[in-house]
Amino acid sequence: MTTTPEHDARIAKMTFASVYPHYVSKVEKKGRTKEELHQVIQWLTGFNEDKLQELIDEKVTFETLFQRATLHPNAELIKGVICGYRIEEITTPLTKQVRYLDKLIDELARGRKMEKILRKV
């Protein structure tokens, strides 16, 4: 399933700050912690907790967030379906990166072990 240009543009312009509270709520509802969420985000993007808060306060878009990120070299190991899209088949880099984040947060909320989430080979 391929994404549409409209879908990709909508994701690019969405602010990380608008979605972040939903991430926190999702993982905490399933018994995981905000610290674990931050660990997952840091693994994928390279942003520590202070930098993450700075980006939230700045209300950066996902486009800006991932432009500033240093994606983990093992991010390509993130596979599967999220939001109806098979990650491996997404061709737009930004949309793929956002779906990587969505997939990791989903795995965290589902109780997957941190070693597996962080793709420790």
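**Salt bridges and a pocket: worked exercises**

R112 counts as partly exposed at 35% relative accessibility, where partly exposed lies between buried (under 20% relative accessible area) and exposed (over 50%), with a 1.4 Å probe and protein chains only. The model is predicted: local features need pLDDT of at least 70, side-chain atom pairs count only at pLDDT 80 or more, and totals for chains, interfaces and linings use all residues. Residues are numbered from 1 along each chain as its sequence is written, and side-chain values use heavy atoms, leaving out hydrogens and water.

**Exercise 1.** Determine the partner of R112 in a salt bridge and state whether E107 is buried or exposed.

*Solution.* Step 1: apply the criterion, a side-chain nitrogen of Lys or Arg within 4 Å of a carboxyl oxygen of Asp or Glu. Step 2: the side chain of R112 meets that of E107, with 3.1 Å from N to O. Step 3: E107 is buried, at 7% relative accessibility. Step 4: elsewhere, K26, D106 and R110 form one network through salt bridges that share partners.

**Exercise 2.** Establish how many salt bridges the rule yields, and describe those of R32 and R68.

*Solution.* Step 1: the count is 10 salt bridges. Step 2: R32 pairs with E36 at 3.1 Å, N to O. R32 is buried, its relative accessible area being 14%, whereas E36, at 21%, is partly exposed. Step 3: R68 and E58 form a salt bridge of 2.9 Å, N to O. This pair links distant parts of the chain, 10 residues apart, from R68 in helix 5 (residues 62-68) to E58 in helix 4 (residues 49-58); helices are DSSP runs of H or I, at least four residues, numbered from the N terminus. Step 4: R68 is partly exposed at 38%, and E58 is partly exposed at 41%.

**Exercise 3.** Characterise the largest pocket by its volume, its lining residues and the helices that supply them.

*Solution.* Step 1: the volume is about 190 Å³. Of 13 lining residues, V19, Y23, C83, R99 and D102 are the closest to the pocket centre. A pocket is an open set of points on a 1 Å grid where a 1.4 Å probe fits, with protein on both sides within 12 Å along at least five of seven lines; lining residues have an atom within 4 Å of a point. The volume is the space filled by probe spheres set on the points. Step 2: helix 1 (5-13), helix 2 (16-29) and helix 6 (93-109) each supply at least two lining residues. Helix 6 gives the largest share, 4 residues. Step 3: the lining divides into 9 nonpolar, no polar and 4 charged residues, with Ala, Val, Leu, Ile, Met, Phe, Trp, Tyr, Cys and Pro as nonpolar, Asp, Glu, Lys and Arg as charged, and the others, Gly among them, as polar.
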